[in-house]
Amino acid sequence: MALYLITGVAGFIGSNLAHELVRRGERVRGFDNFETGKRENLAGLASKIEFRELDLLDPQGMAEFCRGVDYVLHQAAIPSVPRSVEDPVSSHNANITGTLNVLMAAREAKVKRVVYAASSSAYGDTPSLPKHEAMLPNPISPYAVQKLAGELYLNSFYRVYGLETVSLRYFNIFGPHQDPTSQYSGVLAKFITQMLAGKPCTIFGDGEQSRDFTYVENAVNANLLACKAPTEKVSGRVFNVATATRFSLNETFRILAKIIGYTGQPKYSPPRGGDVKHSLADVASAKEAMGYEPTVSFEEGLVRTVEWYKQALVPAESTSR
Ligand code: UD1
């Protein structure tokens, strides 16, 4: 059994990874500073993982916690385009300095491999679709710049120090445990919970922007494949992790409304600063190098996510009765 360290384990993707690794009988360690992570995401995991409250900006704490670890799954970040536009410095610190600190700790601990949550935002507004990894990055928002800098650091640590690293460019991941309550929450978490509550949804811009929305189980699988794929195929490299399908926000709104039985109409507001217009991935590289396939489609992912939020929202409603 290998020992995995998940940074940001109480976050959306980190907690999904922890649940799956525990289910597979692996040993899991994780830390979070609860800035965007949630204690409730660790429900059911307390006795099964080794947890520490720790910040990415605490290099000594991380160096200690990294000792004996085989694989680091670096998910911790301040993951929001609009938040980075409003406050670039705090997201810079977490996303760039924090990533450098993780790499330093991993190198010192001689871990086998670091897998990093990179972002599709690195492509920015390059006009051609689908996006593939050989395209020149063209980041727009501070968040996109920060996530791209992290990739470059991972590549550098492989080339300079021989630390094995893999960057996974996530394309709009959604699913259970995604926080719907922040103004910076991902659009699907917001729309689903707003529709379930019978509240209005706001679309920024004309709604014709499109995304390659990816169910979280696909991202979890990609991480676990990236840990075990042959060194010569993956180390120091960057891979798209996506469904490889694209839906506009208007289409997405209609599909969700049908699943939920919501009859309201969306409100339209001005476009959001730093937004990318269209996003769609080519996942051929990840397939070839590590055997990645998106096994859960967008629609199936939506159905499962709606079910999860229905269950997750029940206790709050029934206790208030
Ligand atoms: C971007 C990245 C994504 C990354 C995420 C982290 C791209 C293409 N994608 O996602 O890989 O994981 O940052 O935060 O760069 N919107 C509404 N109404 C709302 C909320 C959002 O219309 O209430 C719109 C946004 O303006 C945007 C789309 O929905 O056009 C998606 O927004 P969001 O879910 O925040 O993700 P991205 O910024 O696309």
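Contact means heavy atoms within 4.5 Å of each other. Keep that in your pocket for the exercises below.

This is a predicted model, where local features need pLDDT of at least 70, side-chain atom pairs count only at pLDDT 80 or more, and totals for chains, interfaces and linings use all residues. Residues are numbered from 1 along each chain as its sequence is written, and side-chain values use heavy atoms, with hydrogens and water left out.

**Exercise 1. Work out what surrounds Leu-129.**

Step 1: find the spot. Leu-129 sits in the loop between strand 5 and helix 5. Helices (H or I, at least four residues) and strands (E, at least two) are DSSP runs, numbered from the N terminus.

Step 2: check the cover. Leu-129 has a relative accessible area of 30%, so it is partly exposed. The cut-offs are under 20% for buried, over 50% for exposed, and partly exposed in between (1.4 Å probe, protein chains only).

Step 3: list the partners. Skipping neighbours within four places in sequence, Leu-129 is in contact with Arg-246, His-278, Ser-279 and Leu-280.

**Exercise 2. Follow the contact from Leu-129 over to Ser-279, and describe that residue.**

Step 1: compare the two distances. Leu-129 and Ser-279 are 150 residues apart in sequence, yet their C-alpha atoms are 7.3 Å apart in space.

Step 2: place Ser-279. Its loop runs between strand 13 (267-269) and helix 10 (284-290).

Step 3: buried or exposed? Ser-279 has 6% relative accessibility, so it counts as buried.

Step 4: collect its contacts. Again without neighbours within four places in sequence, Ser-279 is in contact with Ser-120, Leu-129, Phe-171, Ser-210, Arg-211, Asp-212 and Arg-246. Arg-246 turns up in the list for Leu-129 too.

**Exercise 3. Test the length of helix 5, then see what it packs against.**

Step 1: get the expected span. The rule is 1.5 Å times one less than the number of residues. Helix 5 covers residues 142-161, so its 20 residues should span 28 Å.

Step 2: compare. The end C-alpha atoms of helix 5 are 28 Å apart, which agrees.

Step 3: pick out the buried residues. Among them are Tyr-143, Lys-147, Leu-154 and Phe-157.

Step 4: name the packing partners. The buried residues of helix 5 pack against helix 3 (81-86), helix 4 (88-108), strand 5 (113-119), strand 6 (165-170) and strand 11 (237-241).

Step 5: look just past the end. Gly-162 follows helix 5 with a positive phi of about 75 degrees. Helix 6 (residues 187-196) is followed by Gly-198, whose phi is also positive, near 70 degrees.

**Exercise 4. Describe Ala-76.**

Step 1: Ala-76 lies in the loop between strand 4 (71-74) and helix 3.

Step 2: its relative accessible area is 13%, so Ala-76 is buried.

Step 3: not counting residues up to four places away in sequence, Ala-76 touches Thr-7, Gly-8 and Leu-56.

**Exercise 5. Zoom out and check the whole protein.**

Step 1: count the elements. The protein has 11 helices and 13 strands.

Step 2: test the size. For 321 residues, a compact globule would have a radius of gyration near 20 Å, and the protein has 19 Å, which agrees. That radius is taken over C-alpha atoms, and the globule rule is 2.2 Å times the number of residues to the power 0.38.

Step 3: look inside. Buried residues make up 53% of the 321 residues.

Step 4: sort the contacts. Of those between residues at least 6 apart in sequence, 79% join residues at least 24 apart.
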